[in-house]
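Let's take a stroll around a protein model and see what its surface and its odd corners look like. Grab the viewer and follow along.

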Amino acid sequence: MGCDGGTIPKRHELVKGPKKVEKVDKNAALAARWKYCALSTEKLRRPIVACDLGRLYNKDAVIEYLLDKSADRPNSEVASHLRGIKDIKELNLTDNPAWEGERRNTKGDRYEDMHCAMFICPVVGLEMNGKHRFCFLQTCGCVFSDRALKEVKTEICHKCGDPFKDENLVVLNGTKEEVEKLREKMEEKRAKATKKSKKNKVAETVAKPSDSKENPESTETVSSEGQTSTENGGDNSQPAVAEPPASSSTKVVTPSAATGSKRSIQTMEEKSETYKSLFTSHSSAKRTKDQTSNWVTHTPYHF
């Protein structure tokens, strides 16, 4: 069958050889890592966040993942180390003035530069397209190129002025070796945090029984002159009027306390009387017979 009309097939059309390994374009791979979210594979849009391993995410995609960590979600292995919102940091990025937006080539009649990035380094002006090494600060979230940090050595952020240390620098989209180092650093940091939390819990538990020992339970009796006497120890200045029952931390009310309660009731009654006197219905607002005038009738027919 075939070969009609004088067609001459070639060998590669008849014999199927081994499939060629498809090579990934390096430029396309770099653009995918720096322009697309590592979790949702959507284009990066503000707010943009980064984890301790230096991966870029959309903040809404991370929140959706934290709410639903099912195995059916794609690329769930990329964010498996994220436990909560505290494990990410929102980035303070600098816009690229040469970036015209996504609609610059809607007709398809213009050259689209794959290396043109949305963000740049605020110090040197290098584009954040993957060709240059970039880092971000865990303290404030500002992003700088590695060249800027080497040329201008300082312990203060170039953009916001917050102090930082070399330990706070995290490489964005680093190599496999750099990612492994960052993972070890992240695990050490989490281990220290757990140790601190355990120490705080132990200190709280030790402090509670010590407070109870310092304030032992004791019974108190109030005397007629306002002095108290305890059963646990100490010389009593005056005998108590009434003995307390066997229950701990109980108080017996004496006549002095009763008089105090009566005085408080009297003061409350006086306050209520002063409040009532503000209204016309109160007895103080009513006129006596001497103050009232004789009743005079008036009819319009008199005139």
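Before we start, one bit of vocabulary: helices are DSSP runs of H or I with at least four residues, and they are numbered from the N terminus. Keep in mind, too, that this is a predicted model.

**Charges on helix α5**

With that naming in hand, look at helix α5, which covers residues 176-214. Lys195 sits in this helix, and Lys195 is also part of a patch of positive charge on the surface, together with Lys192, Lys196, Lys198, Lys199 and Lys201. Glu177 belongs to helix α5 as well. Glu177 helps form a negative surface patch, along with Glu180, Glu184, Glu187 and Glu188.

**A nonpolar patch**

Not every patch here is about charge. Ile63, Leu67 and Ile85 make a nonpolar surface patch of about 300 Å². Leu67 comes from helix α3, residues 59-67.

Here's one member of each patch, with its accessibility:

| Residue | Relative accessibility | Status |
|---|---|---|
| Glu177 | 62% | exposed |
| Lys195 | 58% | exposed |
| Leu67 | 73% | exposed |

**Cysteines without a bond**

How many disulfides does the structure hold? The count is 0. Take Cys142: its nearest cysteine sulfur belongs to Cys140 and is 3.6 Å away. A disulfide needs the two sulfur atoms within 2.5 Å, so a pair beyond that cut-off is not counted. Cys142 is in no disulfide. Is Cys142 buried or exposed? Cys142 is buried, because its relative accessible area is 1% and buried means under 20%. Cys121 counts as buried too, at 1% relative accessibility.

**Backbone oddities**

Most residues other than glycine have a negative phi, and most peptide bonds are trans. A few spots in this model go another way.

The loop between α2 (26-35) and β1 (48-51) is a good place to look, and Pro47 is found there. The peptide bond from Arg46 to Pro47 is cis, its omega being near 0 degrees. Thr41 lies in the loop between α2 and β1 as well. Thr41 isn't a glycine, yet its phi is positive, near 55 degrees. Thr41 is exposed, since its relative accessible area is 52%.

Now hop to the loop between β8 (169-171) and α5, where you'll find Asn173. Asn173 also has a positive phi, about 50 degrees, without being a glycine. What about its surroundings, buried or exposed? Asn173 counts as buried, because its relative accessibility is 15%.

Methods. Residues are numbered from 1 along each chain as its sequence is written. This is a predicted model: local features need pLDDT of at least 70, side-chain atom pairs count only at pLDDT 80 or more; totals for chains, interfaces and linings use all residues. Side-chain values use heavy atoms; hydrogens and water are left out. Patches are made of residues with over 30% relative accessible area and no salt bridge: like charges are joined within 9 Å, nonpolar side chains (Val, Leu, Ile, Met, Phe, Trp, Tyr) within 5 Å. Accessible areas come from the Shrake-Rupley method with a 1.4 Å probe; for residues, only the protein chains shown count as cover. A salt bridge is a side-chain nitrogen of Lys or Arg within 4 Å of a carboxyl oxygen of Asp or Glu. Lys and Arg count as positive and Asp and Glu as negative; His and the chain ends are not counted. The place of a charge is taken as NZ of Lys, CZ of Arg, CG of Asp or CD of Glu. Helices (H or I, at least four residues) and strands (E, at least two) are DSSP runs, numbered from the N terminus. Buried means under 20% relative accessible area, exposed over 50%, partly exposed in between (1.4 Å probe, protein chains only).
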